[in-house]
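Q: I should like a close look at a single part of the structure shown below. Please explain that part carefully and then place it in its surroundings.

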Amino acid sequence: MKTVLITGAGGYIGTELTEFLADRGYLIYALDTFWFKNKIKKNKNIKIIKEDIRYLSQKNFPNNIDTVIHLAAISNDPSAEINPKLSWEVNVLGLLNILNLSEKKKVKKFIFASSGSVYGVKKEKKVTEKLSLVPISEYNKTKMVGEKIVESFKKKMKTILLRPATVCGPSKNLRLDLTINMLTYHAIKNKKINVFGGSQYRPNLTLDDMINIYHFFLKKNLTGTYNVGFENEKVIDIARKISKKIKKISINRSKSNDKRSYRLDSTKLLLKGYKRVSNISDVISKLQKYYSSKNFKFSDNMIRIKYLKKFLNGSK
Ligand SMILES: NC(=O)c1ccc[n+]([C@@H]2O[C@H](COP(=O)([O-])OP(=O)(O)OC[C@H]3O[C@@H](n4cnc5c(N)ncnc54)[C@H](O)[C@@H]3O)[C@@H](O)[C@H]2O)c1
């Protein structure tokens, strides 16, 4: 059985990834502070570790881990701006602590969740892994520096840097700040989508693909840096796609000072053999069902924001 330590296992991606891998026979150590509660389904293949990556010690780092998937982070621009110092501590120093412990415990493979946003604003139609990194926000900067730190361990273990696009799709620990999740929510709830700007290009990635890509890298003998995003769309076109599926909604467009715009090219990943499993259109339909089901509670999202703010404002 393959043994995997997932940090940030209680988050939007981590919750679903942990269950997916456990269902496929992996033994998962699911490590998180569980700021957003633990919603991971009980499973004999899942061991929960409630710890902060910044303070994790060798004693609490499990033995015999084959691969670490490092997701734990302050994971978006607005959150990182609330307390930049703390965001650097978690996203960079916390990462370094996990890498040092991984080396000591002889972990074989380390997969790091960076972000496609490390490229900053790019006019090129195909942003490949060869282009320069010009991150524009505090969050993006922590990810770029994080990548450099992970790379410095590449002689000690196999290192994989993934630069994912904005993820979308239902999760037990949903993030409503993500573009498609949010726009679809407003379409259903308010029959109206507000688009700020709209001509910015954003690459997208379904949660199902994100999870399958982590699984792909667990199985494959690969190292290096990979873009992970398939549908580069203008935000206004995403809103139009949603309005086609969810009928009778209006789109309001207003000015925005959000300059982030880039188109990820993931040819490198596809050439290694990854086969996509879903697309935006599937996700909008899934979200439509999910938001109308009793599994979705808007208040969960408010709790998520409350706990995150509490932490970022200084209390543990
Ligand atoms: N969701 C996306 O669209 C997206 C896109 C690109 C990259 N990523 C990256 O993927 C990773 C996972 O993203 P997500 O959307 O699941 O984010 P998330 O915010 O839902 O999950 C992050 C998890 O990390 C945990 N965490 C934070 N600080 C911690 C600490 N000090 N110690 C232990 N646990 C801690 C949180 O409790 C949370 O459960 C993040 O690194 C994010 O930057 C996400």
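A: The answer below begins with one strand and then moves outward to its surroundings.

The model is predicted, so local features need pLDDT of at least 70 and side-chain atom pairs count only at pLDDT 80 or more, while totals for chains, interfaces and linings use all residues. Residues are numbered from 1 along each chain as its sequence is written.

The part chosen is strand S9, residues 201-206. Helices (H or I, at least four residues) and strands (E, at least two) are DSSP runs, numbered from the N terminus. Five of the six residues of S9 are buried, so the strand is largely enclosed by the rest of the structure. A residue is buried if 20 or more other C-beta atoms, placed from the backbone, lie within 10 Å of its own, exposed if 12 or fewer, and partly exposed in between.

Two strands pair if DSSP finds at least two bridges between them. S9 and strand S11 (residues 231-234) run antiparallel and are joined by four bridges; one of the facing pairs is Arg202 with Glu233 in S11. S9 also pairs with S7, in the parallel sense, over three bridges. Here Thr206 in S9 stands opposite Cys168.

S7 (166-168) leads to the ligand, since S7, helix H1 (12-23) and helix H3 (84-104) each supply at least two residues of the shell around it. The shell holds 27 residues, and the closest are Gly8, Gly11, Tyr12, Ala73 and Val167. To be near the ligand, a residue must have its C-beta atom, placed from the backbone, within 6 Å of it. H1 gives the most, with three residues. By type, the shell has 14 nonpolar, nine polar and four charged residues; Ala, Val, Leu, Ile, Met, Phe, Trp, Tyr, Cys and Pro count as nonpolar, Asp, Glu, Lys and Arg as charged, and the others, Gly among them, as polar.

The interior may be considered next. The largest nonpolar core has 74 residues, of which Ile6 and Leu162 touch the most other members. Helix H6 (residues 207-219) gives the most to this core, with six residues. Such a core is a set of buried Ala, Val, Leu, Ile, Met, Phe, Trp, Tyr and Cys residues joined through C-beta atoms within 7 Å. Leaving aside residues up to four places away in sequence, Leu162 touches seven residues, including Ile111, Phe112, Ile213 and Val228; two residues are in contact if their C-beta atoms, placed from the backbone, lie within 7 Å.

In the chain as a whole, 42% of the 316 residues are buried.
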